[in-house]
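Hi,

Here is the structure I promised to send over. Have a look at it first, and my notes on what turned up follow below.

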Amino acid sequence: MKIITAVDKLRSSVTQWRLAGESIAFVPTMGNLHDGHLQLISEAKKHCQHVVVSIFVNPTQFCAGEDFASYPRTISDDQQKLITAGVDCLFLPEVSEMYCPDAKTVVSVAGLSRLYCGAFRPGHFDGVATVVCKLFNMVQADVAVFGQKDFQQLAVIRIMVRDLNIPIKIISVATIREADGLAMSSRNSYLTPAERLIAPLLYRLLSDVKDAIVAGTASFRNLEKDALQRLQAAGFVPDYFTICRSFDLNAAESEDVDLVLLVAARLGKTRLIDNICFYR
Ligand code: AMP
């Protein structure tokens, strides 16, 4: 596996593949790789001859007071996992390679970026859209693979790709979970043993609300209110629990059939997000 830290070196590797008529899939990550990330890589391999993975803890998507400094960085373990997974190239830039000090341009997807996680993490999705747009320009892949775990992020990126005519196909992969239902996440390592026992409630709650909707419960706003109460009773500090239309993430009404339940809640110092997407 090639490990590349400079954009010009990345470009020349990718250009060689392109000149040989070979296709490239790209999987952007912040590292501390788990089975969720590995699932994205295995999906990427189905679509293209070469897979590029980036590991970059992007400072611009963290708000003041968030965990940028303490975000788990496990680069040698990650490298081993990527080699085992058969990745061709790891792009591992420093912050100074990604951003010039007087950068003036921000990619901002209006509307959706201000809702849900965007309301609680101001500027987060501008940071995400900007870095993903830059990475797309650097890698120039045919396909990029993202997890449905970050459902709102995936929606923001799809809109960005559409609006900016970025020539890349976005593929999504279902959330990979621990045996007890907790969505795998690098941030799960922040949980204390006691919190780790409580954390699976997030997915149980999503599943219960889904079941209630499928069984015909019509009052979505009451279901949201009850879900927030259950989270609080279990020791979470919820940011939001919302029943949305999966195609535009607007609040769903009882006649909508294509739904996603989105939740974000803090447990101690850990902020967890999860979702369930379904038809009814
Ligand atoms: P991150 O390293 O957390 O920025 O995530 C990098 C990519 O992995 C994103 O597309 C995430 O949606 C995806 N991802 C993270 N956790 C999971 C998971 N449990 N299942 C599937 N994809 C995931």
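There is one cavity of 30 Å³ or more in this model, which is a predicted one. The space inside the largest cavity comes to about 30 Å³. If you want to find the spot, select K149, L182, A183, S185, N188, L202, L272, I273 and D274, which line the largest cavity. Strand β9 (residues 270-279) gives the largest share of that lining, with three residues. Sorted by class, the lining of the largest cavity has five nonpolar residues, two polar ones and two charged ones.

Then the pockets. The second largest pocket holds about 300 Å³ of space. It is lined by 16 residues, and Y99, A103, T105, T130 and K134 are the closest to its centre. Seven of the lining residues of the second largest pocket are nonpolar, five are polar and four are charged.

Next, a group of residues around the loop between β2 and α2. N32 lies in that loop, and its phi is near 55°, a positive value in a residue that isn't glycine. N32 counts as buried because its relative accessible area is 16%, and the cut-off is under 20%. What does the side chain of D78 reach at 2.8 Å? The backbone nitrogen of N32. D78 itself is in helix α3 (residues 75-84) and is buried, with a relative accessible area of 1%. Leaving aside residues up to four places away in sequence, D78 touches G31, N32, L33 and I55. For a sense of the spacing here, D78 and L90 are twelve residues apart in sequence, with their C-alpha atoms 9.9 Å apart in space.

H34 is also in the loop between β2 (24-29) and α2 (35-47). With a relative accessible area of 18%, H34 is buried too. Its side chain reaches the backbone nitrogen of G36 at 3.0 Å. Once residues up to four places away in sequence are set aside, H34 has contacts with M184, S185 and S186. S185 may ring a bell, as it is among the residues lining the largest cavity.

There is another non-glycine residue with positive phi to check: N165, at about 50°. N165 is in the loop between α7 (151-163) and β6 (169-173). Is N165 buried or exposed? At 62% relative accessibility, N165 is exposed, since the cut-off for that is over 50%.

On to the cysteines. How many disulfides does the structure hold? Zero. C133, for one, is in no disulfide, and the nearest cysteine sulfur to it, in C100, is 14 Å away. C133 has 11% relative accessibility and so counts as buried. Why is there no bond between C277 and C244? The closest cysteine sulfur to that of C277 is the one in C244, and at 10 Å it is too far for a bond, because a disulfide needs the two sulfur atoms within 2.5 Å. Unlike C133, which is buried, C277 is partly exposed, at 38% relative accessibility.

Two helix residues to finish with. D126 is in helix α6 (residues 124-139) and is buried, at a relative accessible area of 16%. With residues up to four places away in sequence left out, D126 touches V106, V107, S108, V109, S113 and R114.

The other one is N222, in helix α10 (residues 220-234). N222 is partly exposed, with 41% relative accessibility. Its side chain makes a polar contact with the side chain of S219, at 3.1 Å. How far is N222 from P72, C-alpha to C-alpha? The two are separated by 38 Å, and they sit 150 residues apart along the chain.

If you have the viewer open, I'd start with the side chain of D78 and the backbone nitrogen of N32, then look at H34 and its contacts with M184, S185 and S186, and after that go to the cavity lining, including L182, A183 and N188.

Cheers

How values were computed. Residues numbered from 1 in each chain as written. Predicted model: local features only at pLDDT ≥ 70, side-chain atom pairs only at ≥ 80, totals over all residues. Heavy atoms only, no water. 1 Å grid on protein atoms, 1.4 Å probe; cavity = no way out; pocket = protein on both sides within 12 Å on 5 of 7 lines; lining within 4 Å. Points joined across faces, edges and corners; volume = space filled by probe spheres on them. Nonpolar A, V, L, I, M, F, W, Y, C, P; charged D, E, K, R; others polar. Helix = DSSP H or I, 4+ residues; strand = E, 2+ residues; numbered from the N terminus. Buried < 20%, exposed > 50% of the residue type's maximum accessible area, 1.4 Å probe, protein only. Polar contact = N/O pair within 3.5 Å; in protein donor to acceptor, adjacent residues only side chain to side chain. Contact = heavy atoms within 4.5 Å.
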